[in-house]
Amino acid sequence: MNYLLSGSRGVAVNNSPHQQRQPPQPALQSPGTPWKTRKYSPGVQGLHEEIIDFYDFMSPRPEEAAMRREVVKRIETVIKDLWPTADVQIFGSFSTGLYLPTSDIDLVVFGKWERPPLQLLEQALRKHNVAEPYSIKVLDKATVPIIKLTDQETEVKVDISFNVETGVKAARFIKEYMKKYSLLPYLILVLKQFLLQRDLNEVFTGGISSYSLILMAISFLQLHPRIDARRADENLGMLLIEFFELYGRNFNYLKTGIRIKNGGAYIAKEEIMKVMTNGYRPSMLCIEDPLLPGNDVGRSSYGAMQVKQVFDYAYIVLSHAVSPLARSYPNRDSESTLGRIIKVTQEVIDYRAWIKKKWGSKINLSPELDNRLKIRDPVALCNGEQQQNRDSEPSYNQHLALSLASTQQLSSGSSASSVSSLSSSDIQHSGMKFSMKGTHNQGNSYSPVSSGGMRQPVGNRGHHQYNRNIWRRKKHRDSLPISLSR
């Protein structure tokens, strides 16, 4: 990694013998980073520890799963009243357990209809006052027609589709890879929060879908040049920075597609186009659907380049934050490395407290829905035992420098190789100027790298920017937070 810092920051030092040195204080929670309750190790190891704490803090709690099951039950009651033989199934993040406190619930209804009865269900939902007034939207022109609504009692968003089996299959597919790569849930929750606060977590708002994001993370782990990157005790901080570097800087979105099946590969978009259906062409973010040959998962992600820009931004911020240079300009103990790119608002904290108060007594743990209990154990070693296991290996900072510095081989089962190809670019951030330089690939074969210079991301709308859904205080909910930024 090339840590080039232009400019310097003055540090005032008071050498007066009368200056009283204060004993070190324990790190406390600070606004926006409620997961941070301790002081972390320096550099990338500290980022690893912080990601684990963020995951433990943000993971679904039993009362949150109980609340969501009630939402599903209310909607299922309306559906069964209309069509007694219909089958309602959960898929998406609620099914896999990879959901944030304000994530949507995805439902699919199976039954015998010639066309999805969207309007009929919309009328029934309105009649039974299940949804917030004016929140029900019928998207019958979408690639997959759905009904979107916001639950009246909990303000949880719900998407309902009809006779679409791919969502249920995709949930099973993701669960299999969560077992295969035990670090995957930790990366996904951080990445979801990162995109959520920038309004880039939904195709509907110009971002990318959760399914696309998870497939990108799976591909990243599949094709990582270091075999140990897939181990349960690998450093999460290093993996997060490498993920941002790959998809924010090195991946060639113009020419390359992502393949998950058969161990994973980067493939030329021309090859993908040969098997695509209905005359479609590969999209900018081209991800071959591992469950439906010919389908491009990223086809509707028209804001993929905006996502690329914010990933590049996060790579620069984090890589400099964990570099040895950063130790010359230390943060206050209350500040957070991960908090440089993600925050959790007080409204979300209040919302979770309200859920605990109302549903805490209704907890009924379900192994299917509370997947957090299954996936925490493998990474528990990272906090306690990994240091002694790694004593004979190079330090994490050395790993980081070696893995991100020059060229990387990322090909697996394909003729493509990934070579770091960075144009010289100057980035203004926090009043300091960074200069990042790299080399260009001279080969004739296509390569999953970007040849363009990096710009300050237009998509980064500030750490405190969330989806603009405002909670309205209801008369029957005295303790509900006034507003919730999603």
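**Close-up views of a predicted model**

**View 1. Val 344 and its surroundings.** Val 344 sits in the loop that runs between α10 and α11 (346–359). The model is predicted. Val 344 has 3% relative accessibility, so this residue counts as buried. Its partner in this view is Pro 34. The two residues are 310 residues apart along the chain, yet 7.2 Å separates their C-alpha atoms.

**View 2. The chain as a whole.** The chain contains 15 helices and 10 strands. It has 486 residues, and 55% of them are buried. Among contacts with a separation of 6 or more, 71% join residues 24 or more positions apart.

**View 3. The α7–α8 packing.** Helix α7 covers residues 210–222, and helix α8 covers residues 236–250. They pack at an angle of about 105 degrees. Their axes are 11 Å apart. The angle falls between 65 and 115 degrees, so α7 is roughly perpendicular to α8. From α7, the contact takes in Leu 213, Met 216, Ala 217, Ser 219, Phe 220 and Leu 221. From α8 come Leu 239, Glu 242, Phe 243, Leu 246 and Tyr 247. By class, this α7–α8 contact holds 9 nonpolar residues, 1 polar and 1 charged.

**View 4. The α8–α10 packing.** Here α8 meets α10 at an angle of about 140 degrees. The axes of this pair are 7 Å apart. That angle makes α8 oblique to α10. The crossing of the two helices is left-handed. On the α8 side, the contact is made by Leu 240, Ile 241, Phe 243, Phe 244, Glu 245, Tyr 247, Gly 248 and Arg 249. On the α10 side, it is made by Lys 308, Phe 311, Asp 312, Ala 314, Tyr 315, Ile 316, Leu 318 and Ser 319. The α8–α10 contact counts 10 nonpolar, 2 polar and 4 charged residues.

**View 5. The largest nonpolar core.** This core has 75 residues. Met 216, Phe 243, Phe 244, Tyr 247, Phe 311 and Leu 338 touch the most other members. Six elements give two or more residues each: α1 (43–58), α5 (166–180), α6 (184–196), α7, α8 and α10 (304–321). Phe 243 and Tyr 247 belong to the α8 side of the contact with α7, and both also take part in the contact with α10. A second, separate core holds 32 residues. Ala 86, Leu 121, Ala 124 and Ile 136 are among its members.

**View 6. The contacts of Phe 244.** Neighbours within four places in sequence are left aside here. Phe 244 then contacts Leu 191, Phe 194, Arg 249, Phe 311, Asp 312, Ala 314, Tyr 315, Leu 318 and Ile 341. Of these, Phe 311, Asp 312, Ala 314, Tyr 315 and Leu 318 are residues of α10 in its contact with α8.

**View 7. Positive phi at Tyr 134 and Asp 199.** Tyr 134 has a phi near 70 degrees, a positive value in a residue other than glycine. Tyr 134 lies in the loop between α4 (118–127) and β4 (137–139). Its relative accessibility is 76%, so Tyr 134 counts as exposed. Asp 199 also has a positive phi, near 55 degrees. The loop between α6 and α7 holds Asp 199. At 4% relative accessibility, Asp 199 counts as buried.

Definitions and conventions. Residues numbered from 1 in each chain as written. Predicted model: local features only at pLDDT ≥ 70, side-chain atom pairs only at ≥ 80, totals over all residues. Heavy atoms only, no water. Axes fitted to C-alpha atoms, helices over the stretch in contact; angles between N-to-C directions. Helix = DSSP H or I, 4+ residues; strand = E, 2+ residues; numbered from the N terminus. Parallel < 35°, antiparallel > 145°, perpendicular 65-115°, else oblique. Contact = heavy atoms within 4.5 Å. Nonpolar A, V, L, I, M, F, W, Y, C, P; charged D, E, K, R; others polar. Core = buried A, V, L, I, M, F, W, Y, C linked by side-chain atoms within 4.5 Å. Buried < 20%, exposed > 50% of the residue type's maximum accessible area, 1.4 Å probe, protein only. Left-handed = near helix turned anticlockwise from the far one by under 90°.
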